[in-house]
Amino acid sequence: MRYTPSSGDLTAYTTRDGLPNDVVYKVIEDKNKNLWISTNKGLACYEPLSGNLKVYTSGNGLTSDQFNYKSGFRDLNGKLYFGTINGFVSFSPEQFITSSNLAPVVMTDLKLNDRSSEICGPRSPLNASMPYTDKIKLRYDQSLFTIDFAMLSYNASSRNQYRYIMRNYIDNWIEIEQPSVTFSNVPPGKYVFEVRGANGTGMWNDQPARLEIEIRPPFYASTMAYVVYVLSIVVIVWLYVSWYVRKTRQRSDFEIRELKRKQERQEYRAKIAFFTNITHEIRTPLSLIWGPYEQIVRPGIRPSDYKENLKIMGANIDRLLNLSNQLLDFQKIDRAGFALNRSDVNLNDLLERCMLQFAQKMQQKGIRSCVSVPDDQVVLYADEEALTKIVCNLLDNAVKHAQNRVGLCLEAAPERDRVVISIENDGDAIPGIYFGKIFEPFFQIKGDAKGGTGLGLSLVKHLVEQHEGNISVFSDASSSRFVVDLPWQKKAVPPPVTAGTDIPPRGEGTDPVPEMPALLRTKTDGRLCHVLVIDDDKGMLDFLRRLLSKSYRVSVADNADEAFGMLDSEDVNLIITDVMMPQMDGFELCKFLKARKNYSHIPIVMLSAKSDTASKIAGLEAGAAAYIEKPFSGDYLMAQIATILENRSLFRETPLIGSCFSVDPNRLNKADQLFLNRLTDIINSNISEQDLTVNHIARYMAMSRSNLHRRIKGLLHMPPNDFIRLIKLQKAAELLLDGEYRINEICYMTGFNSASYFAKCFQKQFGVLPKYFVSHMKKRSGSGEK
């Protein structure tokens, strides 16, 4: 142990630090402050100042490596004495002479596959003895070899140490004690084997012994073999390419024909999809032209209704006109026939005019507008008609998707000679994968029920590029922004020949829509049926409300969420819904309502521009009572609604008692039938309970009391308590006809607690007292009365 007073550290020395053994018998300090330590494996000398540790054994002249316990002392002259098992040794440390001459290391033997190689022997790489050999060449099957070497130092030779390295194979020096190294599976290549030695005092010689070793590869891995391989591969590739070219030429005509057919099919599908989209886009304004037209030609129309219907017709005629303009513009651009007619355009005035076109539409939707233009007038040398189409199309797109806000900003950058127009809305984010696709012709984002023809943004992009500008889109969870960057050209140049359209441009759907009248007040006299209209088109909502309000109490909603709120708070007798709507389309809405007990009894009429048979079947399978195509006749719609409500009324008036008075299942949908069957089963299973109430029934049906009351009232036009009493009286009539029980017994079996009250209810329902009911039924049966 070594103690350092300054730091208080204790340091332990063991065989890991160079001691010959961890068993120490005696420690003596000499005149030079060095410590001599006797062990059972030799004598060690530790120099505290330098930290060096030297070990002496019998190879250095000691009589034995085994010393005796506490056997040793230093005399007055500094001579040290130590006792061993073979006597004692004495020496003066200052008389020790350290030799600085280091013995060299020489190679002594080469073994191939554990056998020593003979000089000039068969398959032997040696032409001279190993000490005189500096280079050998081995075959690939001689990769297992052993090299023996020795250090020419006989002073304590047992403590000699060695370290070696095989350059190009082993990168680090490896220390060993035995003078022999074996290598196996050495890959072909050129290597240099070097070995160094150290004597018993730990001093290493500077000049290692070197042996160059070359292991030749087998024939299949030789340079000549690789040349043959390369040539063979070249020949094989040439043969394959020749065959492939020949086969390609044979198939080329067939593939070209198939490619042409595929392109024709794709073009055909694109045209069909385009015409389908155009058809859907045209059907809504046609419906809003045809419906008001029917109202106008009908005798006795009021002057106010006449004017309002003409407004709706004019607005939708403009919508069709704008659609045709866009188609013509797109066709011109597609055929490179749209030329710009440049002039000085005041962008400040142009943007304000465009925003004014959408003011009424934004007011109807409750959308705030924000316009930011510079105080100084920004004049751009451009095509005013094209710029108007660009801004109006982008504004129409923004208003269509906005929730609460639309922003229009104009920025002028004189230092860059650029003008930037940005239009922003706070609607749903546009997925990043669609940023490039939304400018392609006819492209529409999947699931976007507010989409148009898919031509507007494509037209904008072409017009912007003709002005040598660019358009980009940025969208996140809070807003979507379209940015148009145009060069600020102020210098007038001779304009090209005008090839524009003759009809003034407007953005798609930007035409003023007649102001929607306030909702009619709900009548409380109970005589009018309540009709709920759901459509995202404000013009269609306005038309249907005015059409239906003459005969029904009408409520309107522009999306499914608003409709659900009305259904929860009001009793609705019939629902009219559009198919193409945002959030939830008509098919999904119908399935949702028919799957809910609270709403499944309400008949639903679908209005849709989809006229294909598959869509009609899908609507009817979803539970719709009727599917009407756009454009539709207002008279036909009114007749259809009247028929559905009349059938419901007939069903409510149908008695529910007796086998001859059963409910006609053709007047009920499947959900209503299941509801009534379950309700009847619950009442019959608890029919003897006198305290059977609506609350009990609601708990059995897993419905709230209010929803159960609304459902029964909507289906049967009677409160739940009357229906419960009706089922009990039906059961009582059946028991009376069986003749097995007396009237008093039947009274209590059917849950009545008073015979007089039972007789009163029975007479009110059947017109006769219970005691005369059997004879009365026999008379009716005998006379053939039904």
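In which kind of crossing does helix 9 pass helix 10? The crossing of helix 9 with helix 10 is left-handed. The legends below describe close-up views of a predicted model.

**View 1. Helix 9 packs against helix 10.** Helix 9 covers residues 586-594, and helix 10 covers residues 613-622. The axes of the two helices are 8 Å apart and make an angle of about 20 degrees. Angles under 35 degrees count as roughly parallel, and helix 9 and helix 10 are therefore roughly parallel to each other. Helix 9 contributes Phe587, Cys590, Lys591 and Lys594 to the contact, where they meet Ser615, Ala618, Gly619 and Ala622 of helix 10. Of the residues in this contact, 4 are nonpolar, 2 are polar and 2 are charged.

**View 2. An open sheet is built from 5 strands.** The strands follow the order 20-22-23-25-24, and their pairing is mixed. Strand 20 (368-372) and strand 24 (470-475) are at the edges; each has a single partner strand, so one side of each lacks a neighbour in the sheet. On average, neighbouring strands of this sheet are turned by 10 degrees against each other, direction ignored. Within the sheet, strand 23 (residues 418-425) and strand 25 (residues 480-487) run antiparallel and are joined by 8 bridges. Ile421 has Val484 in strand 25 as its bridge partner.

**View 3. Helix 3 and helix 5 lie against strands of the sheet in View 2.** Helix 3 (residues 347-357) packs on the sheet and touches strand 20, strand 22 (405-413) and strand 23. The direction of helix 3 makes about 170 degrees with that of strand 22. Helix 5 (residues 384-401) lies across strand 22, strand 23, strand 24 and strand 25. Helix 5 runs at about 25 degrees to strand 23.

**View 4. Strand 19 is joined to strand 21.** Strand 19 (residues 342-346) and strand 21 run antiparallel, with 5 bridges between them. Val345 stands opposite Leu380 in strand 21. In strand 21 (residues 379-383), 4 of the 5 residues are buried, so the strand is largely enclosed by the rest of the structure.

**View 5. Another open sheet has 3 strands.** The order is 7-8-9, and the pairing is antiparallel. Strand 7 (67-74) and strand 9 (87-91) form the edges, each with a single partner strand, so one side of each is left without a neighbour in the sheet. Neighbouring strands of this sheet are turned by 20 degrees against each other on average, direction ignored. Strand 8 (residues 80-84) is joined to strand 9 by 5 bridges, and Leu80 stands opposite Phe91 in strand 9.

Terms used: Residues numbered from 1 in each chain as written. Predicted model: local features only at pLDDT ≥ 70, side-chain atom pairs only at ≥ 80, totals over all residues. Heavy atoms only, no water. Buried < 20%, exposed > 50% of the residue type's maximum accessible area, 1.4 Å probe, protein only. Pairing = 2+ DSSP bridges. Axes fitted to C-alpha atoms, helices over the stretch in contact; angles between N-to-C directions. Contact = heavy atoms within 4.5 Å. Parallel < 35°, antiparallel > 145°, perpendicular 65-115°, else oblique. Left-handed = near helix turned anticlockwise from the far one by under 90°. Nonpolar A, V, L, I, M, F, W, Y, C, P; charged D, E, K, R; others polar.
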